[in-house]
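Thanks for making the time this morning. I would like to walk through one model with you, taking a few places in turn, and I will put it on the screen before saying anything about it.

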Amino acid sequence: MRSFWQINGGRMKKIALIRVDDRLMHGQVVVSWIPYLKVDEVLIIDDEYATDEFMTLLIKSAAPDNIKVHILSCRQALEYLNKDDEGTRILILLRNIEYIKKLLESNVKLNKINLGNLGSNPERKKYYNSVYLSDSELSILREISRQCEIEIKMLPGDEGKALE
Amino acid sequence: MDIKQIILLSVLYYWASSTALSLGVGYYTMYRPVIAGCLTGLVLGEPFTGMMAGAVVNIIYIDFVSTGGSLEGDQCLTAMIAALMAVLFGLSPVEASAAAYPFGFLGILIWKYRLNINSVFVKKYEKKFAEGMNPHIGIYDGLLPQLLLFIMSAAVILVTVFVTLLLRKFIINIKYVLFLAGIFLVFSSTWNILYKLQSKKGYLIFAMSLTTALLVNPSSYIIFLIVSAIILLLSNKKMKLILNSKDYETHGKNGKIRKRDLIYSWFVWMNFSHSCYSYERLQGMAFAHSMRNVFKRLYTGEEEIAGAIHRHSEIFNTEPNMGTPIHGYIISLEESKQKNKIADENTDDIMFIKKGMMGIAAGLGDSYTQVVLTPLFILMSVMLCFDNKFIMALVPVMILASVILIISYTGFMKGYYEGRNSLIERVNIVKNSRIKTYFPYIFSGILGVSLGKLLIIMFSGTSENLTIYITVGIISMVYTIVKIKRRN
């Protein structure tokens, strides 16, 4: 059990941004977001990738040298994020919107959610530029938006569009 | 200007900004201001005047990087208009660049519009496929989007050339303002890229090379040779790795795929990777397009072929040159899938691998081809232009194009013959690249020399005294710092 003061902004990881992106750690993230956010660590939350040895090796070897990368399943990530920490700045990347809900449910403090690239599939409809959302995803996001800010933004320098 | 010239400029703008039909290297050559300016000048009869204007535009856009379809300003259009003004109105390169600068934003509108409108072709393709018509992917990925793009590009050229000619008097009247704006743009771009490099040694090297250039004005030809030697030295090991293809041609797979199928697939990919680029699929249609001949080799039934191509038309995006091991590897997977008669329903693995690999290759590729190789070689070309060595200035661009082609071709083949580990090998080569490590120093050095040479040209061209340059230099520095601070 974590003590009360820890929940209230004690010694935890500082989540600079959560980005929802089908492509996880790709060009825009490596070239633009990581230098812009000045994070020390990238956490990829993905049940599929976490169990895939080749992909884990590939992602880790491709990451910039000064950045620590963790690829964890959603359950592992919750544990990891609730551990004590010295305030490492961290960027979370994920593809699955439902994970955000789980993070919030277990009291992980998020200040901003960024929607980057969510590609089209038969269930998804175009929402804005490169963001395609299914009805259920949209309703989850609306629910989340009551607790924290959600913004559609491809690159740090772009003008963001808030989710309505 | 006559009608023939306008048509030629339309073709040039279309060809350069489309990046299609140029074996993938149009983006590294014709699209770059220095070359676009040169070609515009060529159409108008003064290639070197145009190239000079293009070189200045290139300095203004030197920190340009496009990742995943996002752009800041259209450097190609800006360079073409700058070259046009330099030739037709007799503006100096710096004045012409400033006057052309606003047109860059027009080009971006097209790019954004293109990302949206290309979805139309995706939908058409999907509809035909759903109707069981076995649509030809080449029509929807290649022909139609390119046709539309040509019409759009021609319209843009027509409008901008018309507006430019209309504003002729006005532009010539505000020459002095343009001159100031031009040096402001050049200076702020320089400060901005120096800030981005985040290297204290880089600042020092920049200051030293700028001073040297202003005092002794060393021959750019010699600097080019020295830098090339340094690059060769640094890339020694890497070059060997890239060129040493481990005889991948000999260990065949005894499957249906021939070497020439791979080459043709690579050829299609390189020519059309961004042809039908849309927010919806990004390079998905192009990936499917590049698989067409492969599936035609693997399957015999029309429907089977169309179905397999369609499977690969879902969203895809990567750095088109660094990411080619994915294509090669996917082809080998598809080949063994056909050989072992695995049903279409069990292709989730292939798609998962494809999607996982594409992001990595994009991050890795962009941070190398666009952030390191391109600025390095293009800036050398710019420097040679500022020394009036125009023919020589084409050499660095040609080297860049060849390097890109080698990276892309070897990746494709290795992906097929050596499998997915070839991508990891690639990751490690790029990460340990010494060119990447020393890039800030080499780049700052060339930047200092280039700026010095440009300033010398400007000193000799006008009667302005030094104070005006220093004033604009300081103002632009303050502006850049404020802008960066506000952004953070």
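Where in chain B is the place of Leu21(B)? Leu21(B) sits in the loop between helix H1 (3-18) and H2 of chain B, and I begin there because its phi is near 60 degrees, a positive value in a residue other than glycine. As background, most residues other than glycine have a negative phi. As for its surroundings, Leu21(B) is partly exposed, with 15 other C-beta atoms within 10 Å. Chain A offers a case to set beside it, since Lys38(A) has a phi near 50 degrees, again a positive value in a residue other than glycine. Lys38(A) belongs to the loop between helix H2 (27-37) and strand E2 (41-45) of chain A, and with 10 other C-beta atoms within 10 Å it is exposed.

Before going further, a word on confidence: what you see is a predicted model, and it scores ipTM 0.75 and pTM 0.89. For chain B the mean pLDDT is 91, with 94% of its residues reaching 70 or more. Within chain B, confidence is highest in helix H2 (residues 33-43), at 98, and lowest in helix H11 (residues 220-243), at a mean of 81.

Let me turn to helix packing in chain B. Two packed helices are described by the angle between their axes and the distance between the axes. The axes of helix H3 (residues 47-60) and helix H9 (residues 175-197) of chain B come within 7 Å and cross at roughly 45 degrees, and that crossing makes H3(B) oblique to H9(B). On the H3(B) side the contact is made by Val56(B), Ile59(B) and Ile60(B), and on the H9(B) side by Leu185(B), Val186(B) and Ser189(B). Sorted by class, this contact of H3(B) with H9(B) has five nonpolar residues, one polar residue and no charged ones.

H3 and H9 come up again when we look at helix H5 (residues 93-100) of chain B, which is mostly covered, with eight of its eight residues buried. The buried residues of H5(B) include Glu95(B) and Ser97(B), along with Ala98(B), Ala99(B) and Ala100(B). They pack against H3, helix H4 (75-89), helix H8 (168-173), H9 and helix H19 (434-461) of chain B.

Further along the chain, helix H12 (residues 259-272) of chain B has 14 residues and reaches 20 Å from its first C-alpha to its last, close to the 20 Å expected at 1.5 Å a residue. Among the buried residues of H12(B) are Trp266(B), Trp269(B) and Phe272(B), and what covers its buried residues includes helix H7 (137-166), helix H13 (284-298), helix H15 (324-339) and helix H17 (394-418) of chain B.

Finally, how many residues does the contact between the chains take from each? It takes 26 residues from chain B and 27 residues from chain A. On the side of chain B that touches chain A, helix H16 (348-385) and helix H18 (421-431) each supply at least two residues, and H16(B) gives the most, with 11 residues. By class, that side of chain B has 12 nonpolar, nine polar and five charged residues.

Note on methods:
Residues numbered from 1 in each chain as written. Chains lettered and ligands numbered in written order. Predicted model: local features only at pLDDT ≥ 70, side-chain atom pairs only at ≥ 80, totals over all residues. Helix = DSSP H or I, 4+ residues; strand = E, 2+ residues; numbered from the N terminus. Expected span 1.5 Å × (residues − 1). Buried ≥ 20, exposed ≤ 12 C-beta atoms within 10 Å, placed from the backbone. Contact = placed C-beta atoms within 7 Å. Nonpolar A, V, L, I, M, F, W, Y, C, P; charged D, E, K, R; others polar. Axes fitted to C-alpha atoms, helices over the stretch in contact; angles between N-to-C directions. Parallel < 35°, antiparallel > 145°, perpendicular 65-115°, else oblique. pLDDT = per-residue confidence, 0-100.
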